[in-house]
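Please work through the following exercises with the sequence and the 3D structure side by side, trying each task before reading its solution.

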Amino acid sequence: MTIKIDSKDISQLLTQSSRQLDSGMMSALANARQKALDRQLVRVPAVTLSTGRWTLNLIPHSGLQWLATGLLVAILVFAAGYWQHAQEQQISEIDVAILTDELPIEIFVD
Amino acid sequence: MFKKLFLTGLLFLPFLAGKPVSAAPETWKSLTHGQQEALAPLAEQWDSLPEIQQHRLLKTAIRYPHLTIEEQQRFQERLIVWSKLTPEQRQAAREKYKAFEKVPEKQREQVKQMIKQEREQTIGSEKAIPGNDNR
């Protein structure tokens, strides 16, 4: 004959058993529970704030970092400007070539 | 201090990047004599041209004084047709020109000769039409 035990019975059994534990064991279990809860509490915000922390790391903190960031941004902007200027220069050269080439303009225009 | 410098520097970055492509529109009257001479065929429609087109035409006008007389003539003859094209057509023409530039010199010369001959034939046949005869 098998005895069916549901979750309520398990909980009752555990409560009865815990009453039989000595105070040292009880406090050790209570400590372990508290530590587990603390870890869980820390982990939850860590997940939600992980993106924020990542972006926070991108913001320069020291003067030197601000200077390095400034230089990097200046180089990027200058490079973009130079690239744009070079592109425009090339377009202008081609335009003049099309407008002055021996071949009629209709050859290049649809 | 560096943070303040950085933020102030950000305000000046657009100037570091050089002159933007879409500069303020220039009226025909504001152009120099040299620019007006090079772009003379566009005098009437100049003020109504898009800014970017004006900017690019002005860049081409810089090279005008350095062209041969024959090239200057072609330049001005083609300006009206060129300015009437859509930006997409002009871009397609540039792509075609770049592709043609990649063709070996010998083949390019052959194409040029072929087109020259065709043009001469067309002119010849036009002259042969009785209506065009000046006798």
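The exercises below concern a predicted model, and they go from the separate chains to the place where the chains meet.

**Exercise 1.** Describe the secondary structure and the burial of chain A.

Solution. Begin with the count of elements: chain A contains 3 helices and 0 strands, and from the N terminus on these elements run α-α-α. Next, turn to burial, where 7% of the 110 residues of chain A count as buried.

**Exercise 2.** Describe chain B in the same manner, and find what share of its contacts between residues at least 6 apart in sequence join residues at least 24 apart.

Solution. Chain B has 6 helices and 0 strands, which follow the pattern α-α-α-α-α-α when read along the sequence. Of its 135 residues, 10% count as buried. As for the contacts, 61% of those between residues at least 6 apart in sequence join residues at least 24 apart.

**Exercise 3.** State how confident the predictor is in each chain, and name the elements with the lowest and the highest mean pLDDT.

Solution. Take chain A to start with: its average pLDDT is 82, and 84% of the residues score at least 70. Among the elements of this chain, helix α2 (residues 23-58) of chain A has the lowest mean pLDDT, 74, while helix α3 (residues 63-100) of chain A has the highest, 93. In chain B the mean pLDDT is 84, with 76% of the residues reaching 70 or more; here confidence is lowest in helix α1 (residues 2-16) of chain B, at a mean of 62, and highest in helix α2 (residues 33-38) of chain B, at 96. For the model as a whole, the scores are ipTM 0.76 and pTM 0.62.

**Exercise 4.** Check the length of helix α6 (residues 105-128) of chain B against the expected span, and decide whether α6(B) lies largely in the open or is buried.

Solution. With 24 residues at 1.5 Å a residue, α6(B) should span 34 Å, and its end C-alpha atoms are 35 Å apart, which agrees. The number of buried residues among these 24 is 0, so α6(B) lies largely in the open.

**Exercise 5.** Work out how the two chains meet, and how α3(A) is set against helix α5 (residues 87-102) of chain B.

Solution. The contact as a whole takes 28 residues from chain A and 33 residues from chain B. On the side of chain A there are 16 nonpolar, 8 polar and 4 charged residues. Within this meeting of chains, α3(A) and α5(B) pack at an angle of about 80 degrees, with their axes 10 Å apart. Since angles of 65 to 115 degrees count as roughly perpendicular, that description therefore applies to α3(A) and α5(B). Ile91(A), Ile94(A), Ala97(A) and Ile98(A) make the contact from α3(A), and Ala93(B), Arg94(B), Tyr97(B) and Lys98(B) make it from α5(B). By class, the residues of this helix contact divide into 6 nonpolar, no polar and 2 charged.

Methods
Residues are numbered from 1 along each chain as its sequence is written. Chains are lettered from A and ligands numbered from 1 in the order in which they are written. This is a predicted model: local features need pLDDT of at least 70, side-chain atom pairs count only at pLDDT 80 or more; totals for chains, interfaces and linings use all residues. Two residues are in contact if their C-beta atoms, placed from the backbone, lie within 7 Å. Ala, Val, Leu, Ile, Met, Phe, Trp, Tyr, Cys and Pro count as nonpolar, Asp, Glu, Lys and Arg as charged, and the others, Gly among them, as polar. Helices (H or I, at least four residues) and strands (E, at least two) are DSSP runs, numbered from the N terminus. A residue is buried if 20 or more other C-beta atoms lie within 10 Å of its own, exposed if 12 or fewer, and partly exposed in between; C-beta atoms are placed from the backbone. pLDDT is the predictor's confidence in each residue, from 0 to 100. Axes are lines fitted to C-alpha atoms, for helices over the stretch in contact, and angles run from 0 to 180 degrees between N-to-C directions. Angles under 35 degrees count as roughly parallel, over 145 as roughly antiparallel, 65 to 115 as roughly perpendicular and the rest as oblique. The expected span of a helix is 1.5 Å times one less than its number of residues.
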